[in-house]
Amino acid sequence: MTSDRTASSLPPLLDAVHNRETAFTNEERHKNGTLGLLPDAVETLDRQMERVLWQLDSKSNDLERFLHLNGLSQRNETLFFKVVMSDPKRFLPIVYDPTIADACLQYNRLFERPQGLYLSLRHKGHVKEILANWPEKDVRFICVSSGGRILGLGDIGANGMGIPVGKLQLYTACAAIPPQGLMPMLLDIGTTNQKLIDDPLYLGLRQAPPSSDELDAFVDELVAAIQELYPHCCLHFEDWKGDDAIRLLARYRDKILCYNDDIQGTAAITIAGLDTALSIKGEALKEQRILFYGAGSAGIGIANMIVSALQDEGLSETDARACISMMDINGLIEPSRQDLNPSQKVFAHFHAATKDLAEAVKSIKPTVLIGVSTNAGGFTEEVVRTMASINDKPVIFALSNPTDKAECTAEQAYRWTDGRALFAAGVQFDDVTLNGKTLTPGQANNFYIFPAVALAVWATQARRITDEVFLEAAKATAEQVTAEQRAHGLLFPPQKDVLRVEINTAIKVARQIFNSGLAQVPEPEDIVDWMEAKLYRPEYTSANRQ
Ligand code: NAI
């Protein structure tokens, strides 16, 4: 009797998808056996949110708020999304960047309950069986990281699981994609991080990562298993070591439904920011000289997509590449360098070798400077002041994150350019007041792009994701920055509007997917109504009723 009651009464309160906790009505409590397992009050979702907001206010820092929200996501998914979607400007920096960086660094210590699928190299040969253990059978997106390059934190192995979990939460929070078909995955291939290997509480494989050939064979097995088990699934590569990221995207992009957010999503949001900056300057992309500081997966991804955009403006591939110069940890990318990979070699233009960014800025005279180096402070006062002496409105993007990896702060960029910089960062910096004028730094974060692209891909059941899809998303994002916002130096739509912005973007991207013949569903008559009807809403509805 007791065990029967337990079996029938506990699941509703342990099932995060259907759980309503104090919002279960008395009738529901009678039916689902939760009568007495809950206090007397029957509350609305809004009242429950009020309590969560109070609890969050009482925490002393954002990591504690992250942990509280993370616990809530595992207890009551609807309430979690209700809270996060109620105020994206406040909550995105808590559930994602920059707080997620602190959480990932300590993930093995903070660990309580697994939140995604851990696919270890030990599972080689059995990937399909392991995948089948995931409870949801209609998986539409797998966000997979190897932990090899998490944000600007380097290789943190299995601690990287926080990233796929957080990214997929943004699918729902920023673009209203229903959470059920989303699978976070950590491909545990070992780590080069000796500190973690030596940590008794580390949760991943304690060995060095395999050769590229062995890794590729393992990913091939994963891809084949996904195709078989989840034929409509899109594979989202996230935060892999630079070389692995570039190689794996090249290997699969024309064969399966996949994308790499660090490469394509970052490129698209940067192009969106450039679009807005150039409209403020009144100049065309083909008139720019662009210098990248950092030539890894993000830098190469942005550079290649800028080349595509320049080709759209009528330039040849060679002329388009000539607009772009790049530097990495070993200096300026030029033909005498012996250590360049093929994706870097195409940007090697004749120039004296230098490892000094200020010197490179003086001789190349860029109009646009983009930092994707993970080198905090790389944009020194000399570098920024030189940009200001060359340009009336220097475009300076310090995209590395988390916050303490940014190449310069918003305050530095504005102060050293007398407020003339068109500035964006990978994280949200506070407004800066200079000479009585308030300047609002933009956040060039790919969270404006990948959820919108994912929504369009999911709704249209796209066969492939092309660069054109990301360029369309970039254009649609830039178009939504109003003239008034541009006047304040804002290069991206405000975070508070992120959901509406991304739905609008997704509608345009879906149109592009229909026009390119890549959709696998019939084109609706009214695409706006069609999209709106598909959106997830954080409400207790019959869809999430037990
Ligand atoms: P990666 O590891 O593939 O590349 C880093 C690049 O920076 C390499 O070319 C490396 O040689 C270069 N580098 C490192 N130290 C340097 C130094 N002292 N001077 C000059 N170059 C240096 O990493 P990935 O994926 O390209 O990411 C780079 C940064 O961009 C990370 O901090 C990441 O968080 C950030 N990022 C930001 C995004 C956004 O949406 N804002 C999206 C993706 C990445």
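1. R65 is a good place to begin in this predicted model. R65 is buried, its relative accessible area being 16%; since the cut-off for buried is under 20%, R65 falls on the buried side of it. Helix α5 is where R65 sits. Setting aside neighbours within four places in sequence, the contacts of R65 are L56, D57, K59, S60 and I94.

2. Please also have a look at helix α6, which covers residues 77-86. Because 9 of its 10 residues are buried, α6 is largely enclosed by the rest of the structure. The buried ones are E77, T78, L79, F80, F81, K82, V83, V84 and M85, so you will find charged side chains listed there next to aliphatic and aromatic ones if you step along the helix.

3. What do the buried residues of α6 pack against? Their partners are α4 (45-57), α5 (62-75), α7 (88-95), α11 (162-175) and α25 (498-515). One of these, α5, is also the helix that holds R65. At the start of α6, N76 brings a side-chain oxygen to within 3.3 Å of the backbone nitrogen of T78, and T78 is itself among the buried residues of the helix.

4. Now to the ligand. The shell around the ligand has 25 residues, and those that come nearest are R149, T266, S297, A298 and N401. Several backbone atoms are worth displaying here. G296 has a backbone N or O atom 3.1 Å from an oxygen atom of the ligand. For S373, a backbone N or O atom lies 3.4 Å from a ligand nitrogen atom, and for L399 the corresponding distance to a nitrogen atom of the ligand is 3.3 Å.

5. How much of the ligand does the protein bury? Taken alone, the ligand exposes 850 Å², and the protein buries 87% of that. The space that the ligand takes up is the largest pocket. Two elements give two or more residues each to the surrounding shell, namely α15 (261-281) and α16 (297-312).

6. There are two cis peptide bonds you may like to check by eye. One joins D97 and P98, with omega at about 10 degrees; P98 is in the loop between α7 and α8 (99-105). Another joins N401 and P402, with omega at about 5 degrees. P402 belongs to the loop between β10 and α21 (410-415), while N401 is one of the residues that come nearest to the ligand.

7. Another proline, P394, deserves a line of its own. Where is P394 found? It is in the loop between α20 (381-390) and β10 (395-398). P394 is buried, with a relative accessible area of 0%. Not counting residues up to four places away in sequence, P394 touches T367, M387, A388, T417, R420, A421 and L422. As for A413, it is 19 residues from P394 in sequence, and the C-alpha to C-alpha distance between the two is 9.6 Å.

8. Two residues have a positive phi although neither is a glycine, so I would suggest viewing them one after the other. E21 has a phi of about 45 degrees and lies in the loop between α2 (11-14) and α3 (26-32). E21 is buried, with a relative accessible area of 13%. A176 has a phi of about 55 degrees and lies in the loop between α11 and β3 (182-188). At 1% relative accessibility, A176 counts as buried. The helix before that loop, α11, is one of the elements that the buried residues of α6 pack against.

9. Finally, I527. Is I527 buried or exposed? I527 is buried, with a relative accessible area of 7%. Its helix is α26, made up of residues 527-534. Leaving aside neighbours within four places in sequence, I527 is in contact with I507, A510, R511 and F514. V127 is 400 residues from I527 in sequence and 38 Å away in space, C-alpha to C-alpha.

Technical notes
Residues numbered from 1 in each chain as written. Predicted model: local features only at pLDDT ≥ 70, side-chain atom pairs only at ≥ 80, totals over all residues. Heavy atoms only, no water. Buried < 20%, exposed > 50% of the residue type's maximum accessible area, 1.4 Å probe, protein only. Helix = DSSP H or I, 4+ residues; strand = E, 2+ residues; numbered from the N terminus. Contact = heavy atoms within 4.5 Å. Polar contact = N/O pair within 3.5 Å; in protein donor to acceptor, adjacent residues only side chain to side chain. Near = heavy atom within 4 Å. Areas by Shrake-Rupley, 256 points an atom, 1.4 Å probe, with all protein chains shown as cover. 1 Å grid on protein atoms, 1.4 Å probe; cavity = no way out; pocket = protein on both sides within 12 Å on 5 of 7 lines; lining within 4 Å. Sits in = over half its atoms within 2 Å of the grid points.
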